[in-house]
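User: I'd like to learn how to read a fold step by step. Could you walk me through the strands, the helices and a couple of side chains?

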Amino acid sequence: MRSWWYADLTWPELRDAAASGTGVVLPIGSTEQHGPHLAVSCDVDLSSALAHAIAEENDLLVAPPITYGYRSRPLSGGGQTFPGTISVSARTLMAVVEDVLVELMRSGFKRLVLLNWHYENANFIYEAAVLARERSPHADGVRIMVVEAAFAGLSEHAMEVMFEGDFQGWDVEHAAILETSLMLHLCPEKVLFDRAVDDASARHPSYDLVPAPDDFIPASGVLWKATLATAEKGAVVWPEIVAGLAVSVAREL
Ligand SMILES: [Zn+2]
């Protein structure tokens, strides 16, 4: 392929790619505060980089990403009180993902992957996949893989390297050790590491409240210890995330 970025190609190239069985991976992220040290593009950067890392091996073009995600929730993303975050409603997100999938099917692509990197998008993109297949007249033979948390299957070794025995849960790994380490590894120029802080909400119960009380929301927008992040941790864990996803895609599509 001349480029694995879908948007770099011409329509005859895309027609031919679909006809030859090439698939498409759609990165899905957010435009969301990620503390004082990471750009609001963090989730889009990571989902796009991951998609591109598996593109050639899995014969998948990387579609232009979905850059707006579902509402940031206080206990897993800091919530909607931070200036800078731009979220969309669940019905908007579902509608956009569904429409994009229907268009990809119309072009003849049959191997499709939704690759999410924003906790709150889960379920809604699965629903969009179901609705798109139901709606499209070109759904015969189409398979859609829905990856809601590409990092969730890390080995014990990788978890130990990353969290050093003190893993607090994926919901609070927002702008914290994992995301900061991966960004330091992949695009250090986008990390203001001297501004990284360790933070947590004063309370983190197993339920949610609307509206969210102030003590659910850490002032910095960092939900755990960003200062424990290193580029070296990112360098160990990233290849494992890439390899794990590539194997899963090869198995299913
Ligand atoms: Zn994130």
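**Reading the sheet and its helices**

Analyst: Let's start with a pair of residues: leucine 112 stands opposite isoleucine 144, which belongs to S6. Keep in mind that this is a predicted model. That pair is part of the link between S5 and S6, which pair in the parallel sense over five bridges.

User: In what order do the four strands form the open sheet?

Analyst: Strands count as paired when at least two bridges are found between them. Here the order is S2-S1-S5-S6, with parallel pairing, and the sheet is open. Strand S2 (60-62) and strand S6 (143-147) are at the edges with a single partner strand each, so one side of each has no neighbour in the sheet. From one strand to the next, the twist averages 20°.

User: How many bridges join strand S1 to S2?

Analyst: Three: they join strand S1 (residues 23-28) to S2, and the two run parallel. Glycine 23 has leucine 60 of S2 as its bridge partner, and valine 25 stands opposite valine 62 in S2. Now look across to the other neighbour: S1 and S5 pair in the parallel sense over five bridges. There, valine 25 stands opposite valine 113 in S5.

User: How many residues of S1 are buried?

Analyst: The cut-off to use is under 20% relative accessible area for buried. Six of the six residues of S1 are buried, so the strand is largely enclosed by the rest of the structure. Read the two faces separately: Gly23, Val25 and Pro27 lie on one side, Val24, Leu26 and Ile28 on the other, and both faces are covered.

User: And which residues point one way from S5, and which the other way?

Analyst: Arg111, Val113 and Leu115 point one way, while Leu112, Leu114 and Asn116 point the other way. They're all buried, Arg111 and Asn116 included. With six of its six residues buried, S5 is largely enclosed by the rest of the structure, so you can read it just as you read S1.

User: Which strands does helix H5 touch as it packs on the sheet?

Analyst: For a helix on a sheet, ask what it touches and which way it runs. Helix H5 (residues 124-135) touches S1, strand S5 (111-116) and S6, and its direction makes about 170° with that of S6. An angle over 145 degrees counts as roughly antiparallel.

User: Is arginine 135 buried or exposed?

Analyst: Neither label fits: at 43% relative accessibility, arginine 135 counts as partly exposed. The residue is found in helix H5. Leaving out residues up to four places away in sequence, arginine 135 touches Glu98, Asp99 and Val102. For aspartate 99, 36 residues away along the chain, the C-alpha separation from arginine 135 is 9.6 Å.

Glutamate 127 also has its place in helix H5. At 33% relative accessibility, glutamate 127 counts as partly exposed. Its C-alpha atom is separated by 31 Å from that of proline 12, and the two residues are 115 apart along the chain.

User: Let's move on to helix pairs. At what angle do the axes of helix H6 and helix H8 cross?

Analyst: Read an approach distance and an angle together. The axes of helix H6 (residues 156-163) and helix H8 (residues 231-252) cross at roughly 155° and come within 9 Å. That makes H6 roughly antiparallel to H8. Their crossing is left-handed. On the H6 side the contact is made by His157, Ala158, Val161 and Met162, and on the H8 side by Lys233, Gly234, Val236, Val237 and Glu240. By character, these contact residues divide into five nonpolar, two polar and two charged.

User: Where do the residues of H2 meet H7?

Analyst: Start with the geometry: the axes of helix H2 (residues 42-58) and helix H7 (residues 177-186) come within 11 Å and cross at roughly 60°. That makes H2 oblique to H7. This crossing is left-handed. As for the contact itself, Cys42, Asp43, Asp45, Leu46 and Ala49 in H2 meet Glu179, Leu182, Met183 and Leu186 in H7. The residues of that contact split into six nonpolar, no polar and three charged.

Conventions. Residues are numbered from 1 along each chain as its sequence is written. This is a predicted model: local features need pLDDT of at least 70, side-chain atom pairs count only at pLDDT 80 or more; totals for chains, interfaces and linings use all residues. Side-chain values use heavy atoms; hydrogens and water are left out. Axes are lines fitted to C-alpha atoms, for helices over the stretch in contact, and angles run from 0 to 180 degrees between N-to-C directions. Angles under 35 degrees count as roughly parallel, over 145 as roughly antiparallel, 65 to 115 as roughly perpendicular and the rest as oblique. A crossing is left-handed if the near helix is turned anticlockwise from the far one by less than a right angle, and right-handed if clockwise. Contact means heavy atoms within 4.5 Å. Ala, Val, Leu, Ile, Met, Phe, Trp, Tyr, Cys and Pro count as nonpolar, Asp, Glu, Lys and Arg as charged, and the others, Gly among them, as polar. Buried means under 20% relative accessible area, exposed over 50%, partly exposed in between (1.4 Å probe, protein chains only).
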